[in-house]
Amino acid sequence: MSASGFDVQTVARLARLELSLEEEDRLGRQFEQILAHIDQLNTLDTSDVEPTSHAIPLQNVFREDKVEIRFPDEDYLSLSPAKHKGHYEVPQIIG
Amino acid sequence: MYRNTITQAREKLKKKEISSVKLTEAFFERIKSVDSNVGAYLHLTQDQALEQAKEADRKIKAGEDAPLLGIPLAIKDLICMQGVKTTCASRILENFVAPYDATVIKKLKEAGAVFLGKVNMDEFAMGSSNENSAFHMARNPWDFDCVAGGSSGGSAAAVAAQECLAALGSDTGGSIRQPASFCGITGLKPTYGRVSRFGLVAFASSLDQIGPMTRTVEDAALLLKVISGHDPMDSTSADVDVPDFVAGLDRDLKGLKVGIPKEYFAEGLDSEVEEAVRRGIEQLQALGMETVDVSLPHTEHAVATYYILACAEASTNLSRYDGVRFGTRSRESDSLYNMYTNTREEGFGEEVKRRILLGTFVLSSGYYDAYYLKGQKVRTLIKQDFERAFETCDVVAGPVSPVPAFKIGEKMEDPLQMYLSDIYTISANLAGIPGLSIPCGLTSGKLPIGLQLLGKKFDESTLLAIGHGFQQSTDHHISYPEL
């Protein structure tokens, strides 16, 4: 655990990444450096600053609520690495 | 034949001095002879290209015209083209064949373009050197021991090595401008929202923008005109007019004001880069432009802000790669959880994992306010810096990168140093403004140097007119690497 609270194992689990011990070690050291650089932002007082999530103003975009078939199901399914009788196939979930 | 600009090739095609088929074949010959060293292409679409070229020749013969009729282009491999592989230079998508055309591809097809193939990049557009491609790296055509730049390194190298007439790239933190600068070509990042992102594989959705990479500003204007415009398929696409960028190129530059930010000429800037950029600015003065001093005080915080926000968005965008619906899947998995983690472990390269981890961390409970929200607030300050600067100037000029193309492997072990090399390009993405990179000289070691012009939102016309004026009065853009 680094000073800023970054724990490689915990974050990797949240991100659904499996890291080797070597990767954990290397990335852990690199993150200490990267987060130390990022922590420089704390020198700025932003208490009265509004956050910007997008550079240009955005508004909700609506369109008519109607069913459109852009591609046949089989086109989507054809991209899947494993399928079975018109469904995506995954390892068994319920025992 | 491959040394033409788009504009020159169009003239020759119209006058029937050359055919699109011959031109396309010449490029495939060129690719065959140089690309084993350059590494610009990931996959070629030769059969399709020759069909498209034949069709273009038929239309030309019939007297039809379109802005890019018969013009061979290369496309960065994160833009979907129906029936063609779109890998994002990642193992996780190595077998992915796009089921539809991105809006930019649809527009290019309507304009008559010919597609030579998909070009190299840093995996999922994450990187500054093209060393993060899962397949092979693109090298700098000026010196094969140096990087081509990233993440659109393949696009830049292909244009510089004359393996296409022009290419499309994408720019999230400088990924069009920096490789354009390293390879001595012209690169334009349009205003956020100017070009539809539908069909662009997302890295950081609030920052990504597709743009042209060309030999000349005139060609960039032509390509931009074709790919711009509001798109109902992209809810962030801006509903604004698309000016005729080509028609506006020859405007008088007298009286236009160029802002020189002192923060862009600070410690860490290579002396040869500084000298070439300052000479470039003097050339703008010679064209009648005035210089004014401006300040962008939050520049030093841009890299930190960018890596919080871009990585946060990347971690959410890349959560869709789970091996279920598309892409590759790990073979050895006895549970759903293991299938996810094994697939992502095997499919993603180290830089991608690094950014997913950083993004997951800054969005995680307990750290969101300290990092993500803080980043969004500093983004506001960076945006306000530009708004203040543009009260006194029409464009801001400075270097693209603090250094020319660096040696392969030089920064790979130190990601922070690699990230800091994007310090002059990142702010434009955070603020959403357009940026143009044009060649302005060579180092003593014969590596290209780029001059960056940043403009007001949706004012690409001014950037392009200045860039065109610069290129009409200099010859940096017509020097080629010996290959």
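A residue counts as buried when its relative accessible area is under 20%. In this predicted model, Q471(B) meets that condition, because its relative accessible area is 5%. The residue belongs to helix α15 of chain B. Setting aside the neighbours within four places in sequence, Q471(B) touches T186(B), R215(B), T216(B), V217(B), I438(B), P439(B) and H477(B).

One of those partners, V217(B), leads on to another helix. Helix α7 of chain B spans residues 217–227, and 9 of its 11 residues are buried, so that the helix is mostly covered. The buried set consists of V217(B), D219(B), A220(B), A221(B), L222(B), L223(B), L224(B), V226(B) and I227(B). After α7(B) comes G229(B), with a positive phi near 130°.

Helix α5 of chain B, residues 153–160, goes further into cover: 8 of its 8 residues are buried, and it is therefore largely enclosed by the rest of the structure. The residues concerned are G153(B), G154(B), S155(B), A156(B), A157(B), A158(B), V159(B) and A160(B). Just beyond α5(B), Q162(B) adopts a positive phi of about 55°.

Not every helical residue in chain B is hidden. D47(B) sits in helix α3, which covers residues 46–61, and is exposed because its relative accessibility is 65%, where exposed means over 50%. In sequence, D47(B) and L116(B) are 69 residues apart, yet their C-alpha atoms lie 9.2 Å from each other in space.

How helices pack is the next topic. Two packed helices are described by the angle between their axes and the distance between the axes. Helix α15 of chain B (residues 460–473), the home of Q471(B), packs with helix α8 (residues 271–286) of the same chain at about 95°, and their axes are 10 Å apart. The two helices are therefore roughly perpendicular, a description that applies to angles of 65 to 115 degrees. From α8(B), the residues making the contact are G280(B), Q283(B) and L284(B), while α15(B) contributes I466(B), F470(B) and S473(B). Sorted by class, this contact has 3 nonpolar and 3 polar residues, with no charged ones.

A second pair in chain B is formed by helix α12 (residues 368–389) and helix α14 (residues 423–431), which pack at about 100° with their axes 9 Å apart. This angle makes α12(B) roughly perpendicular to α14(B). On the α12(B) side, R379(B), I382(B), K383(B) and F386(B) take part, and they meet S427(B), A428(B), N429(B), L430(B) and A431(B) of α14(B). Here the classes come to 5 nonpolar, 2 polar and 2 charged residues.

Chain A can be viewed as a whole. The chain has 3 helices and 2 strands, arranged from the N terminus as α-α-α-β-β. Its radius of gyration is 23 Å, well over the 12 Å given by the globule rule for 95 residues, so chain A is more spread out than a compact globule. Along the principal axes, the C-alpha atoms of chain A fill a box of roughly 55 × 45 × 25 Å. Of the 95 residues in chain A, 36% are buried. The area that chain A exposes is about 7000 Å², and carbon and sulfur atoms supply 49% of that area.

Note on methods. Residues are numbered from 1 along each chain as its sequence is written. Chains are lettered from A and ligands numbered from 1 in the order in which they are written. This is a predicted model: local features need pLDDT of at least 70, side-chain atom pairs count only at pLDDT 80 or more; totals for chains, interfaces and linings use all residues. Side-chain values use heavy atoms; hydrogens and water are left out. Axes are lines fitted to C-alpha atoms, for helices over the stretch in contact, and angles run from 0 to 180 degrees between N-to-C directions. Helices (H or I, at least four residues) and strands (E, at least two) are DSSP runs, numbered from the N terminus. Angles under 35 degrees count as roughly parallel, over 145 as roughly antiparallel, 65 to 115 as roughly perpendicular and the rest as oblique. Contact means heavy atoms within 4.5 Å. Ala, Val, Leu, Ile, Met, Phe, Trp, Tyr, Cys and Pro count as nonpolar, Asp, Glu, Lys and Arg as charged, and the others, Gly among them, as polar. Buried means under 20% relative accessible area, exposed over 50%, partly exposed in between (1.4 Å probe, protein chains only). The radius of gyration is taken over C-alpha atoms; the globule rule is 2.2 Å times the number of residues to the power 0.38. Accessible areas come from the Shrake-Rupley method with a 1.4 Å probe; for residues, only the protein chains shown count as cover.
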